[in-house]
Amino acid sequence: MSYAMRSLVEDDNRYLKSFQLFRECSSEHQCMQDFIHVILPDILASIGEGKANLNVMGVGSGAGEVDLEMFSELRLKHLAVTVDNQVVEPSAQQLDLYKVLVSQKPNLDYIKFTWNKMTATEFEKDWREKNYTKKMDFIHMIQMLYYVKDPCATVSFYQSLLDKKGKLLIILVSSESGWGKHWKTFKTQLCNTESSHTVTTGDIKTYLDSKTVSYQSYELPSQIDITECFTDGDQRGELLLDFLTEVLNFSSTAPAELKARALELLRHPDCSKEVEGRVRFNNTLGVLVIDPLQ
Ligand SMILES: C[S@@+](CC[C@H](N)C(=O)[O-])C[C@H]1O[C@@H](n2cnc3c(N)ncnc32)[C@H](O)[C@@H]1O
């Protein structure tokens, strides 16, 4: 990455704004909703072995909307349970939003929230130092593994926390998405920093297969309308471009030649489809549901 370019994740505020805009412009929210309400319920039904209290953990939970959506399905499958929910999230701003959401939602008394303002790696270190032996029934990492230094080692540690019938849910972009192709081309020039990596479910599957770990996988087709990125000076387009490249103020800090090539690839048929004058970037997500260590 050029010295003038900084990673978007270094600016909590702009990251949050660009992530919210990305969610607004993409069908990701809808495809996650479909997954949570159609496929996830059976997965949730299989956890817990009839226990009265379930241990759940969200790693990189953000503002908690997706977590609470999943809890609504968990509750339907385990009517009388109580839940201990560990939230692992390094952003104070996101944690505050999550706490506000919890305070506004009725009927969450069955969940005890423990807030851990930490990265996944800090939490792992803390857990190891304290020699905790508690086992988890359900752990989820949704759109988070991009931000850890060693995604496979992180998967391996959190899998080791699963109870016998537990599940580790991972959602990332699929290697079939435009992201996979974009990253392959610009891996060294753009978002490959200490705190941000180009990992897809394809990479995690390769790792799991090499360790003969058992898992189920699903693909969730989704798109992002990136049309505004191609209008010079368009503020929303520039904010979205930051999210797509993971570079802070990409439009003003990227060398002209790199910017031109990145924009060209973003609208290339390998990454996007043009439909009725709109450019729709392939944002297909991959879901992995990992079983405990045998
Ligand atoms: C793309 S957001 C996804 C949020 C949420 N899971 C969702 O799907 O709505 C990524 C989240 O991971 C968090 N994050 C960033 N680095 C992290 C790390 N090293 N460990 C854990 N979470 C991290 C960010 O603060 C952010 O809330």
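This note goes through the sheets, helices and one selected residue of a predicted model.

1. Basis of the note. The model is predicted, with local features requiring pLDDT of at least 70 and side-chain atom pairs counting only at pLDDT 80 or more, while totals for chains, interfaces and linings use all residues. Residues are numbered from 1 along each chain as its sequence is written, and side-chain values use heavy atoms, with hydrogens and water left out. Helices (H or I, at least four residues) and strands (E, at least two) are DSSP runs, numbered from the N terminus.

2. The seven-stranded sheet. An open sheet of 7 strands follows the order E4-E3-E2-E5-E6-E12-E7, with mixed pairing; two strands pair if DSSP finds at least two bridges between them. E4 and strand E7 (215–220) are at the edges with a single partner strand each, so one side of each has no neighbour in the sheet. On average, neighbouring strands of this sheet are turned by 15° against each other, direction ignored; here axes are lines fitted to C-alpha atoms, for helices over the stretch in contact, and angles run from 0 to 180 degrees between N-to-C directions. Within the sheet, E2 and E3 run parallel and are joined by 7 bridges, and Met 57 stands opposite Gln 86 in E3.

3. Helices on this sheet. Helix H3 (residues 65–77) lies across E2, E3, E4, E5 and strand E6 (162–173), and runs at about 145° to E5. H6 also packs on the sheet, where H6 touches E2, E5, E6 and strand E12 (285–290), its direction making about 150° with that of E6.

4. Helix H5. In helix H5 (residues 120–129), the buried residues are Ala 120, Phe 123, Glu 124, Asp 126 and Trp 127, where buried means under 20% relative accessible area, exposed over 50% and partly exposed in between (1.4 Å probe, protein chains only). Seen down the axis of H5, these buried residues fall within an arc of 165°, so they line one face of the helix; the arc is that of the directions from the helix axis to the C-beta atoms. Lys 125, Arg 128 and Glu 129 are exposed on the other side of H5. The cover over the buried residues of H5 includes strand E2 (53–59), strand E3 (82–88), strand E4 (111–116), strand E5 (136–142) and helix H6 (151–160). Just after H5, Asn 131 takes a positive phi of about 55°.

5. Packing of H1 and H4. Helix H1 (residues 12–25) packs with helix H4 (residues 92–104) at an angle of about 50°, and their axes are 9 Å apart. That angle makes H1 oblique to H4, given that angles under 35 degrees count as roughly parallel, over 145 as roughly antiparallel, 65 to 115 as roughly perpendicular and the rest as oblique. Asp 12, Asn 13, Tyr 15 and Leu 16 of H1 make the contact with Gln 93, Gln 94 and Leu 97 of H4, contact meaning heavy atoms within 4.5 Å.

6. Ser 18. Ser 18 lies in helix H1 and counts as buried, at 0% relative accessibility. Apart from its neighbours within four places in sequence, Ser 18 is in contact with Leu 8, Leu 239 and Phe 243. Its C-alpha atom is separated by 9.2 Å from that of Glu 238, which is 220 residues apart along the chain.

7. The three-stranded sheet. A further open sheet has 3 strands in the order E8-E11-E10, with antiparallel pairing. Strand E8 (223–225) and strand E10 (272–275) are its edge strands, each pairing on one side only. E10 is joined to strand E11 (residues 278–282) by 4 bridges, and Ser 272 stands opposite Phe 281 in E11.
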